[in-house]
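Visitor: I would like to walk through this chain with you, asking about its contacts, its cores and its surface. Could you take the questions one at a time?

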Amino acid sequence: MRSFEKLSSLKDYIPLKRTESGGKNIGLLVDGPNMLRKEFSLNLDLVREIISEYGNMRIGKVLLNQYASDKLIEAIVNQGFTPIVVAGDTDVYMAVEAMELIYNPNIDVIALMTRDADFLPIINKAKENGKETIVIGAEPGFSAALQNSADSAIVLKPENQKSHFHD
């Protein structure tokens, strides 16, 4: 009995990581040129906090074009995301990354941070394959079709206030 008491007292000193979100694994892709703009003044830490309400972010990638500054790339890395710099338009690369997430058996939820309706087929393909979907965007220009197709749509306000819309 003594050893059990010692063992149970250890839990007071060992931090246990608990997931309040049911343990869903989330893959998040950020459309950098579309979302990381001065007029939105969005903070990736805020995005991470919002995503944590839905599950555990296992993959967080930010797609950027060749015009991304070193300072922006460094900020993305410092916030725990993986920057992917591509030549030209980022949409095709983001679609390829999204398809990889859809077919990744370790990912339960596909989250896309974009306003672009071009990603509607990705949302539909993810749902066809049993993945939960989240879109995160900002106004103006956040596609209504994208918001209505995803399981959850989150509209970020420019002043860094968040509001949720669930389908």
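Visitor: What share of the contacts with a separation of 6 or more comes from residues 24 or more positions apart?

Guide: This is a predicted model, in which local features need pLDDT of at least 70 and side-chain atom pairs count only at pLDDT 80 or more, while totals for chains, interfaces and linings use all residues. Residues are numbered from 1 along each chain as its sequence is written, and side-chain values use heavy atoms, with hydrogens and water left out. Taking a contact as heavy atoms within 4.5 Å, the share from residues 24 or more positions apart, among contacts with a separation of 6 or more, is 59%.

Visitor: Which helix gives the most residues to the largest nonpolar core?

Guide: A nonpolar core is a set of buried Ala, Val, Leu, Ile, Met, Phe, Trp, Tyr and Cys residues joined through side-chain atoms within 4.5 Å, where buried means under 20% relative accessible area, exposed over 50%, and partly exposed in between (1.4 Å probe, protein chains only). The largest such core has 24 residues, of which Leu28, Ile51, Met113, Ile136 and Leu156 touch the most other members. At least two residues each come from elements including strand S1 (25–31), helix H3 (44–52) and strand S2 (56–65), helices and strands being DSSP runs numbered from the N terminus (helices H or I, at least four residues; strands E, at least two). The most, 5 residues, come from H3.

Visitor: How many residues make up the other core, which lies apart from this one?

Guide: Among the members of this other core are Ile84, Val135, Phe142 and Ala153. In soluble globular proteins, nonpolar side chains tend to be buried together. The number of residues in this separate core is 21.

Visitor: Why do the buried residues of helix H6 lie on the same side of the helix?

Guide: In H6 (residues 120–128), the buried residues are Ile122, Ile123 and Ala126, and their cover includes H5, S4, S5 and helix H7 (144–149). The face turned away from this buried side carries the exposed residues Pro121 and Glu128. The buried residues share one side of H6 because, judged by the directions from the helix axis to the C-beta atoms, they cover an arc of only 100°.

Visitor: Does Val92 count as buried or exposed?

Guide: Val92 belongs to helix H5, which spans residues 91–102. Its relative accessibility is 58%, and therefore Val92 counts as exposed.
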